[in-house]
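Here is a short report on cores and sheets in one protein model. Please look over the structure first.

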Amino acid sequence: MALRKQRLVLGLLSLFALTTSAAFAQSYEGRRIAAIRFLPEQQPLPDSELRQILPLKTGDIYTAAKLRAALAALFRTGRFINLTADASLEGDELILSFATQKNEFVGSVNVDGTPGVMPRGALINAAKLPLGTPFDESVLTQSVEAIETDLRLEGFYESQVRYELERDPVDQQVNIRFYVEPGTRAKFGPPNFKGHALLTEDALIKATKWKRLRGLLGWQYISEQKVQGGIRGILQAYRQKEHLMAKVSLERLDYQPTQQVAIPSLRLDAGPQVQVRAIGTKISQANLRKLVPIYEEQSVDKDLLIEGSRKVSAFLRGKGYFDAQVEYAVEQENAPVEEIDPKKDAYIDFYIEKGLKYKVAALNLQGNHYFDNATLLERMAVRPATILRYRQGRYSDELLAGDRQAIEGLYRANGFLNVKVTTTVTRQHNGKTQQVGINVDVNEGPQTRIEALRIEGVGDSDRSVLEGYVNATIGQPYSVLTLNSDRERILNLLYSNGYSEANLDTSVERGSKPDTIQVIYRIQSGAQHFVRKVIITGLNETDASLVDKRISLKPGDPLSNNEIFASQRRLYDLGIFARVDTALQNPDGEEISKTVLFNLEEASRWSFNGGLGAEIARIGGGVTTLDSPAGGAGFSPRISLGVNRSNFFGLGHTIGAQTRLSTIQRRVLLSYLAPQFRGSDHFGLTATALYDDSRNVLTYSAKRLEGSLQLAQRLNRADAMQYRLTFRKVTVDPDSIKVAPALIPILAQPVRVGSFSTTFIQDRRDDPVDAKRGRYTTIDFGIATKAFASSENFTRLLAKNSTYYRIGKDMVFARSINFGILTPYTHGSTVPLPERFFGGGAYSHRGFAENQAGPRDLITGFPLGGKAILVNNLELRFPLIGDNLGGVLFHDAGNVYSELKHISLKWRQGSIRDFDYMVHAVGFGIRYRTPIGPVRIDLAFSPNSPRFNGFEGSREDLLFGRGKEALLRVNQFQFHISLGQAF
């Protein structure tokens, strides 16, 4: 900005001088202008816009003042670095000519040769060359120095940086490319410690973590983060020894080019030892470190100690000691002082008088008519005592004051401008000692309503459009929030239509009746701006048409920042760009039309991922033997590896491979993803190929080859559809199947399934990972038919509905129901074993081990799956300790049934051959919140778990009619350890 203004001033001074030069020696004053010409003929602004900007028009009477105004107007566009004006006579006609020299602007900025440990974007930012701003080659020296400085901070002391320019005279852009030769990266060397260190040199080096594996692998590479981390490590080491006023400063890093190491020189001052003690009650050192800010600020002064007293007092009041009093005292050499001598050790004692321990027995609201109690309680931090989380309640003067402000703010936002909230705290509530009653009295006062609403500053047609964007209506309660919302909506509409200089003033006048007002919106729209051109830079591998389709702005459209940001979002959504920078070329220039810039940085096309995990539950037993048909306690480690190639063929598509290996599954998945299929935000196409070798159902081991093609459609923000063609071939290992010998040849037949299916998904949850309110519904219907090369004809329907309800502020009631049916629809068709429903486990019915619900083989007792499933889950989720540890009480009911007609709600198992009944399970779970979702432990008890016949003996005994039957039962106690909520 300063550079542009400087150029403008210098240019204007020179141009004003020209008006008195020889070219204007003749007197042209008062002559009529016959023509206005520009040299060269091709100008950076459209001719129509140039003519509109100029205050001089063909046919006007020439004056020197008008010429100066014309030159100033041209300079204000920012498009010219130099201008000269000339006037001549052709016969009796005055010809006015403007010779121009175009300005240049910053285009794409790239850095090649960036070392892998540094993001390229960081070096681009260091250059400080904003896209679209006026270009000045003299600042490139500073850019080079800034890049080299950033490289040195990361240990590249021998780096060299040069640049090349690529000029685009048509678009007035200069593209800049920096070339980096980083050289060898330096490592830390043995640091020099100066000053009052107190700690040994080995202890200090250990605290910095500048050695790898404590020196076994030498020193770490230099980086700014590690340097600062080392300083913080030393401060932490001092803090652990109660030296809270310790100071550590980096004086310099001495680079040794022969050894390629940098030697840190650190100035240390351990300072006094300061111990914080709680006198009068027991508070752990861990809590004192959290409450007293001297630990965080690494300093000791009066203000911090006063704040510490306040936080300790609030902590005790939160424990029920509502009368707690806290004062601090500083002691050095047995003499109290106002300030601590930084050269002497000290004690900081917090003298505490807890007083009696109270419980908030009642929280009463009165006087509120417009809002009910539940609405007000949602906004309050004070809480009455509850059995689970707030055993003493939650109360302090600060919390109650905040609640008063919150309630008053709610009322004022709904037109109660004179609302007054008062609170009364009563000890010995209802005559009971150590109990507190809190009364909140709301004096609502009159409600102010809107009597009239006017929109001024626009025409009638525009006013009718704007009225559709206004939320404030006549008769509605007056609210500053509503008026602010209207202001934002109207301005956004104006900005979206190119009125970038629009402004809106809101005023309120007294109405004709008491407690009414009139609202006036006064609009100053300013000039409308348009898109002159859209310039895209930075594309190397990506097809240009892919980008063009996602940029909604076209030449001639109103200039809209909303559309610019929407186009930027659509480009990011492709997942193939690391950066999408947008800007206006010549942002400060006074132009009617603007050039919009999109500078893209393509992301790395290859990405890799991997992970380690485990499954712990009753997943063991019966893999190679006939033991434990209902599953036994087991542990299955899991490893996953994947690779993706993005922007395939430059089309924004992604091809990938994902593998998973565990003791119960081996899987390879190949996928091809085309997001925003055919340029639409609403469609995505996915093709997959799958190989799966699994034995997660103990009855058999199977190998599956599958290919599918899926079109996903997003209907709106919450609803989506999926359309899927699938073909798979499943081969069951005959030697692994554990059923009656007569069934083995039937169930072990290879299966081909060709199907078409569609899925409806509605997700209205507030948080998909850990929902507190909302609902989630899926309905999947598919048909397998010989028309798609399927060996069997059957239909499949599986529906799930989950809802979540918040109870009070802290508890959530969640419920979910799953229903599914499989139906052969031609004579002689059946549902193959691998296609049947198998249920039970951490994400289904927790009264069963994984895939253990439903019908069983009558001889071996292993599950056979079913053609119908009905499972209902209920959960009450509540906090246990703090904000991260919660508990769950749950009830699961249902089963996998042999047929739809056999679905039953009966409680008891009719016989050991009867599995078509409803199994119940109740239990308790623990949830620990993590950034990737809650870690879950569920313990379940099933009072009516199925009994069944098992088999004692080897597989050979089974095949040759030896062995004997055994009466078994699904274990009534089940446990599940997993990640994420059950539903």
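The sections below cover the nonpolar cores and then two open sheets.

## Basis

This is a predicted model.

## Nonpolar cores

The largest nonpolar core holds 31 residues. Within this core, Tyr-700, Ile-737, Val-739, Leu-747, Phe-794 and Leu-833 touch the most other members. Four elements give two or more residues each to this core. Three are strands: S30 (719–732), S31 (751–763) and S35 (868–881). The fourth is helix H17 (744–747). A second, separate core has 24 residues, including Leu-204, Ile-231, Leu-266 and Ala-270.

Which residues does Ile-737 touch, not counting those up to four places away in sequence? The list is Thr-699, Tyr-700, Val-732, Ile-744, Leu-747, Ala-748, Leu-833 and Arg-955. Among these contacts of Ile-737, Tyr-700, Leu-747 and Leu-833 are themselves named with the residues that touch the most other core members.

## The sheet S4-S6-S5

This open sheet has 3 strands in the order S4-S6-S5, and its pairing is mixed. Strand S4 (105–112) and strand S5 (160–168) are the edge strands. Each has a single partner strand, so one side of each lacks a neighbour in the sheet. On average, neighbouring strands are turned by 20° against each other, direction ignored.

S4 pairs with strand S6 (residues 173–181) in the parallel sense, over 6 bridges. Asn-110 stands opposite Arg-177 in S6. Helix H4 (residues 120–127) packs on the sheet and touches S4 and S6. The direction of H4 makes about 140° with that of S4. Helix H5 (residues 140–153) lies across S5 and S6. H5 runs at about 140° to S5.

## The sheet S21-S23-S22

Here too the sheet is open, with 3 strands and mixed pairing; the order is S21-S23-S22. Which strands stand at the edges? They are strand S21 (530–537) and strand S22 (577–584). Each has a single partner strand, so one side of each is left without a neighbour in the sheet. The average turn between neighbouring strands is 15°, direction ignored.

S22 and strand S23 (residues 593–602) pair in the antiparallel sense over 7 bridges. Thr-582 stands opposite Phe-598 in S23. Helix H16 (residues 561–573) lies across S22 and S23. H16 runs at about 165° to S22.

Notes: Residues numbered from 1 in each chain as written. Predicted model: local features only at pLDDT ≥ 70, side-chain atom pairs only at ≥ 80, totals over all residues. Heavy atoms only, no water. Core = buried A, V, L, I, M, F, W, Y, C linked by side-chain atoms within 4.5 Å. Buried < 20%, exposed > 50% of the residue type's maximum accessible area, 1.4 Å probe, protein only. Contact = heavy atoms within 4.5 Å. Pairing = 2+ DSSP bridges. Axes fitted to C-alpha atoms, helices over the stretch in contact; angles between N-to-C directions.
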